[in-house]
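Grab a pencil and get ready to work through some exercises on a protein fold. Try each task yourself before you read its solution.

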Amino acid sequence: KTLQQHLMQEVRYDLKEVGEIIRQLLDGMGHAHSQGVVHRDIKLSNILVNSDGRIKISDFGIARIETSSLTIIGDVLGTPHYMAPEQFFGGDVDALADLYSIGVIAYELLTGQKPFRGNSATVMQKVLNERPRDPTRMNPRLSPLMDRVLHKALAKRREERFASAQEFSDA
């Protein structure tokens, strides 16, 4: 089943399980990035969870290989709730956009809410202009350090985000 299906069935993960899901996701995307592949549409419905808790990343349908010139600049591809700010402009998207999407998933798993809610236009405006609420305000069991980690993952400016999946995982 997808991670989205699990959450729709009201499955809740404890902090350790969320950490393991995000670690596996970062490991998988870190490997894809090392091979020059950028997914560009990481979201709950593209993460499969095996019966033993291992995850698989699916739907590389809009992925881009860094050496490919098949993507036309100006195309906006992705799912708004999980898109990095730069994706809304239709410019060149790299691994840092995938890391932003993983930050959205981590935020959602840890708080029970997406960082930004509303229709596509509202979400786009918020992604581009607002800082999400501190995760500790919605889940007091979280350490204040998690606020820093997730705000870094969800930074508006690419250069303020984690530089790699490994750096994000280590944090």
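Four exercises follow, each with a worked solution.

This is a predicted model, where local features need pLDDT of at least 70, side-chain atom pairs count only at pLDDT 80 or more, and totals for chains, interfaces and linings use all residues. Residues are numbered from 1 along each chain as its sequence is written, and side-chain values use heavy atoms, with hydrogens and water left out.

**Exercise 1: the whole chain**

Work out how many helices and strands the protein chain has, and in what pattern.

Solution. Start with the count: there are seven helices and four strands. Helices here are DSSP runs of H or I with at least four residues, strands are runs of E with at least two, and numbering starts from the N terminus. Next, read along the sequence, and you get α-α-β-β-β-β-α-α-α-α-α. Finally, look at cover: of the 171 residues, 44% are buried (under 20% relative accessible area, with a 1.4 Å probe and protein chains only; exposed is over 50%, and partly exposed is in between).

**Exercise 2: one helix**

Describe helix α3, its span and its two ends.

Solution. First, the span: α3 takes in residues 95-111, which is 17 residues, and runs 24 Å from first C-alpha to last, close to the expected 24 Å (1.5 Å times one less than the number of residues). Second, the N-terminal end: Asp94 caps it, with a side-chain oxygen 3.0 Å from the backbone nitrogen of Leu96. Third, just past the helix, Gly112 has a positive phi of about 85 degrees. As for cover, 17 of the 17 residues in α3 are buried.

**Exercise 3: a helix pair**

Find which residues of α3 meet α6, and how the two helices pack.

Solution. Begin with the geometry: α3 and α6 (residues 144-153) pack at about 145 degrees, their axes 8 Å apart (axes are lines fitted to C-alpha atoms over the stretch in contact, and angles run from 0 to 180 degrees between N-to-C directions). Then list the partners: Leu99, Tyr100, Gly103, Ala106, Tyr107 and Leu110 of α3 meet Met146, Leu150 and Ala153 of α6 (heavy atoms within 4.5 Å). Sort them, and you have eight nonpolar, one polar and no charged.

**Exercise 4: a loop residue**

Is Glu159 buried or exposed?

Solution. Locate Glu159 first: the loop between α6 and α7 (165-170) holds this residue. Glu159 counts as exposed because its relative accessibility is 53%. Now check distances: the C-alpha atoms of Glu159 and Leu96 are 8.8 Å apart, though 63 residues separate them along the chain.

Definitions and conventions: Polar contact = N/O pair within 3.5 Å; in protein donor to acceptor, adjacent residues only side chain to side chain. Nonpolar A, V, L, I, M, F, W, Y, C, P; charged D, E, K, R; others polar.
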